[in-house]
Amino acid sequence: MRWDLTSPVPFNSYEYFERTLITGNGFREYDVRWLLGKEVNPNGFVVLGKSYGTFARRVLQQKRVVVGHDFRSYSQDVCNAFIIGLLSSGVDVVDIGLAISPMLYFAQHHLQCPAGCMVTASHNENGWTGIKLANGLSSTLGPEGILQFRTIVEGADFESGCGTYQAFDDMYSHYRKDAVSGGPLSKPLKVVLAAGNGTAGRFAPAILKDLGCEVIELDCTADWTFPHYNPNPEDLVFLHSISAATTSNKADLGIGIDGDGDRIGVVDDRGEEVYSDKLGLLIARWICPQDPGRSVVIDVKSTGLFYDDPILQKSRAQVVTWKTGHSYIKAKVAETNAIAGFEKSGHWFFNQPLGRGYDDAVISAVHLLRMIVAEGKPLSALVDGLPKTWQSPTLGVYCGDDVKYKVVADVTRQYEQDRDRGTVIGGRKIKELITVNGVRFRLEDDSWGLVRASSNKPALTVVAESRASRDQMYDIVEHIQARLAATGLVGEYDQSLPPR
């Protein structure tokens with residue numbers, strides 16, 4: 001009875017330790033996430049461990065799993081429960097302990113271990129927990145794999161055995177050496193590095209110092225209450241804090257890294273936020289001429305400047321637009337042998353010879369710094385060299401997991417009708433719809449707006465970019481917001497645009 005799934009299981013009750021809680025809403029498109037206590041309990045993590053051990057043996061044909069966890073007050077405890085489940089399924093566990101997600105991915109390559117699990121809630125607020133589940137080297141589970149995993153969890157048909165346990169305490173030294181294998185920068189840079197008191201503060205500063213940078217650490221000390229802000233590079237409060245530190249210290253740039261170390265946020269030498277998709281374009285301009293003919297993958301939230309960039313066109317770099325999500329972009333980078341992939345959220349994926357195809361904010365920072373030195377210009381000058389557009393931040397609005405995909409489907413149909421009727425949005429008609437992930441409507445002047453369902457939270461995502469003006473960008477965002485409000489199924493936004 002102890003391992004039978006039960007819902008609900010009251011928190012602060014005897015049943016919390018006698019029953020297993022794993023709610024269905026935690027099985028998302030490419031990872032699994034729950035609110036600890038309300039949606040999953042420690043017994044649930046034992047069952048999740050049994051299930052991934054079973055998946056590793058049956059699907060991946062592996063009997064060894066490498067495991068790590070992020071920096072939250074409860075992460076080690078739930079990770080240990082997960083490890084108990086793995087061991088009981090008959091797999092051998094290599095525990096690398098506290099880590100950022102890319103250290104886990106690196107450990108898989110270092111140990112040649114296709115099966116791996118990172119216990120993390122990434123950038124989600126405290127109270128959340130979850131797991132990123134490997135589907136081989138440089139690959140994490142997508143929808144099909146998550147469904148297979150969920151079927152094992154809910155079917156309770158587990159492999160059994162007695163696995164062995166190994167603590168691998170020195171993975172960071174191998175990761176650190178690999179990160180700076182290209183040698184120090186030819187010119188030192190002054191960098192503000194912000195970790196939001198999260199996991200990256202333990203690992204990233206020393207690597208940038210190895211490059212020869214002068215590093216001003218901002219909130220890199222350990223504090224799992226995240227007292228200043230949630231370490232999410234898309235949150236404006238995070239970026240604003242980096243901006244203030246960058247200008248006050250007269251640094252060359254400021255870099256923020258998210259809660260599990262796989263996403264990057266940046267401000268330039270003027271202290272101005274530079275969205276990660278435009279930085280991705282700058283890096284693509286730098287690397288594509290070095291390896292002409294290879295594609296670049298971007299997500300549906302990324303700037304439209306990729307499509308008509310003259311340097312990418314001269315390098316014969318095909319731009320592939322794909323679904324937002326680290327598992328999706330990783331898979332598409334591998335499938336197309338792209339030289340790199342970029343998401344607006346700050347996930348960057350460098351393929352051979354620059355990386356191993358997975359998202360790593362520290363490696364992203366290393367390449368960004370090398371680009372700035374190679375170009376011989378301040379980051380602000382490189383940004384100013386791009387055509388001017390006006391971008392919104394990524395806006396998240398609450399929408400229940402049980403209705404968010406229906407809302408997006410309904411809104412998509414409405415924008416199809418707008419296209420057919422010639423409806424004017426932001427002073428322009430719609431000329432194209434991209435529906436690979438939500439709906440991105442492209443206007444006659446190549447400005448655009450997007451609404452999609454969040455893959456890891458009960459929320460919808462809204463993004464817009466104008467080629468014409470700041471006012472047009474506001475018009476596009478407000479059009480989307482009005483349409484969503486009319487559904488009656490959305491709640492509060494996580495952040496808002498500054499006043500016009």
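Select helix 12 (361–375) and start there: helix 12 lies across strand 7, strand 9 and strand 10, running at about 165° to strand 9. Helices (H or I, at least four residues) and strands (E, at least two) are DSSP runs, numbered from the N terminus. Axes are lines fitted to C-alpha atoms, for helices over the stretch in contact, with angles from 0 to 180 degrees between N-to-C directions. Contact means heavy atoms within 4.5 Å.

Before moving on, a word about the model: it is predicted, so to speak of local features a pLDDT of at least 70 is needed, side-chain atom pairs count only at pLDDT 80 or more, and totals for chains, interfaces and linings use all residues. Residues are numbered from 1 along each chain as its sequence is written, and side-chain values use heavy atoms, with hydrogens and water left out.

**The five-stranded sheet**

Now show the sheet under helix 12. Five strands form an open sheet in the order 8-7-9-10-11, with mixed pairing; two strands pair if DSSP finds at least two bridges between them. Which strands are at its edges? They are strand 8 (214–218) and strand 11 (273–274), each pairing on one side only. Next, select helix 8 (residues 236–248), which packs on this sheet and touches strand 7, strand 8, strand 9, strand 10 (264–267) and strand 11. The direction of helix 8 makes about 150° with that of strand 9.

Zoom in on strand 7 (residues 190–194) and strand 9 (residues 253–257), which pair in the parallel sense over four bridges. To see one of these residue pairs, pick Val191, whose bridge partner in strand 9 is Leu253.

**Two buried residues**

Go to Asn351, in the loop between strand 15 (348–350) and helix 12. Is Asn351 buried or exposed? Asn351 is buried, with a relative accessible area of 12%; buried means under 20% relative accessible area, exposed over 50%, and partly exposed in between (1.4 Å probe, protein chains only). Leaving out residues up to four places away in sequence, Asn351 touches Arg294, Val333, Asn337, Ala338, Ile339 and Gly357.

Then pick Val320 in strand 13 (residues 319–322). Val320 is buried as well, at a relative accessible area of 14%. Beyond its neighbours within four places in sequence, Val320 is in contact with Ser295, Val296, Val297, Ile298 and Lys332. For a distance to try in your viewer, draw a line from Val320 to Tyr405: the two are 85 residues apart in sequence and 24 Å apart in space, C-alpha to C-alpha.

**The six-stranded sheet**

Move to the other open sheet, where six strands follow the order 1-5-4-2-3-6 with mixed pairing. Strand 1 (32–35) and strand 6 (165–167) stand at the edges with a single partner strand each, so one side of each has no neighbour in the sheet. From one strand to the next, the twist averages 20°.

Select strand 5 (residues 128–133), which pairs with strand 1 in the antiparallel sense over four bridges. Within strand 5, Trp128 is the bridge partner of Leu35, and Ile131 is that of Val32. Strand 4 also pairs with strand 5 in the antiparallel sense, over three bridges, and there Cys117 has Leu133 as its bridge partner.

How much of strand 5 is buried? Six of its six residues are. Trp128, Gly130 and Lys132 point one way, while Thr129, Ile131 and Leu133 point the other way.

Add helix 2 (residues 42–58), which packs on the sheet and touches strand 1, strand 2 (64–69), strand 4 (116–119) and strand 5. The direction of helix 2 makes about 10° with that of strand 5.

**Helix 15**

Select residues 470–485 to bring up helix 15, whose 16 residues reach 22 Å from first C-alpha to last. That is close to the 22 Å expected at 1.5 Å a residue, where the expected span is 1.5 Å times one less than the number of residues. Colour its buried residues: Gln472, Met473, Tyr474, Ile476, Val477, Ile480, Arg483 and Leu484. An α-helix has 3.6 residues a turn, so residues three or four places apart point the same way.

**Zooming out**

Finally, show the whole chain, with its 15 helices and 22 strands. Buried residues make up 61% of its 500 residues. Along its principal axes, the C-alpha trace spans about 60 × 55 × 45 Å.
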